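Q: Could you take a close look at a single helix for me, along with what packs around it? I would like one connected account.

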Amino acid sequence: MSHELRTPLNAIIGYSEMLQEEFADLGQPQHLPDLQKIGAAGKHLLSLINDILDVSKIEAGRMTLYLEDFDLDTLVQEALNTVQPLVEKNSNALHVYASPTPYGQLGLMRADLVKVRQSLFNILSNAAKFTEHGLITLEINRLAEADRREWVTFCVSDTGIGMAPEQIERLFQPFTQADASTTRKYGGTGLGLAITRRFVEMHKGRIWVESHV
């Protein structure tokens, strides 16, 4: 199903981008807005399909980790670059802090690079989505446990709308958002945080939330 769903969508996205370039070269910019809408809709649908396929693989026990050593600074910067348009869309500011070493000297992390990056992006994009004219903060720490195992922690905070206790209870359930009014106003499938939680747990880590309205 993965191949059957993704291949035609990638073709739609690819051809929309090719046509945009052709009309721009021909000096016919009047067609560009419609083509950009086709491309944006295709990318949105592809993102939804990717999330649904991830949930299916997780529930089927087919999701696996591909562990590798990677530069943590590079991972964080990639996530920040991807989420920046969402941050700016709602006129937010994004600040990054790191401890005990300064940001730019975070060193190596051993984990599944793709899944950690996707998890961090999911949390940052949620903060950007539910915050307007506010501040989003990412704090990165290294914690050493008694058995000398070292953990990397990502703490994302925001000045957004917040959540009540009953909303928090439903937060990490697939296809679930805080409530119906939230879904109507902000959209979304309710899959991002459910997938993030499973990715974190696959790494033997944990994720939690503290919030108030």
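A: Happy to; what follows is a walk along helix H2 and then over to one of its neighbours, H7. Please keep in mind that this is a predicted model.

Let's start with the overall geometry. Helix H2 runs over residues 32-59, which makes 28 residues. From the first C-alpha to the last, H2 reaches 41 Å, close to the 40 Å expected at 1.5 Å a residue. After the helix comes Gly61, with a positive phi near 70°.

Next, the buried side of things. The buried residues of H2 include Leu32, Leu35, Leu46, Ile49, Leu53, Val55 and Ile58. Two glycines, Gly39 and Gly42, are buried as well, and so are the acidic residues Asp51 and Asp54. Among the elements that cover the buried residues of H2 are helix H1 (2-25), helix H4 (113-129) and helix H7 (192-202).

H7 gives the view from the other side. Its buried residues are Leu193, Ala194, Ile195, Thr196, Phe199 and Met202, and they pack against H2 and H4. Phe199 is worth a second look: Lys115 lies over the face of its ring, at 5.6 Å from the ring centre. Beyond H7 comes Lys204, where phi is again positive, near 65°.

A final word on the rings. Arg206 lies over the face of Trp208, at 4.0 Å from the ring centre. As for pairs between aromatic rings, with centres required to lie within 6.5 Å, the count comes to zero.

Terms used: Residues are numbered from 1 along each chain as its sequence is written. This is a predicted model: local features need pLDDT of at least 70, side-chain atom pairs count only at pLDDT 80 or more; totals for chains, interfaces and linings use all residues. Side-chain values use heavy atoms; hydrogens and water are left out. Helices (H or I, at least four residues) and strands (E, at least two) are DSSP runs, numbered from the N terminus. The expected span of a helix is 1.5 Å times one less than its number of residues. Buried means under 20% relative accessible area, exposed over 50%, partly exposed in between (1.4 Å probe, protein chains only). Contact means heavy atoms within 4.5 Å. Rings of Phe, Tyr and Trp (its six-membered ring) pair if their centres lie within 6.5 Å; planes under 30 degrees apart count as stacked, over 60 as edge-to-face and the rest as tilted. A charge sits over a ring if NZ of Lys or CZ of Arg is within 6 Å of the ring centre and within 35 degrees of the ring normal.
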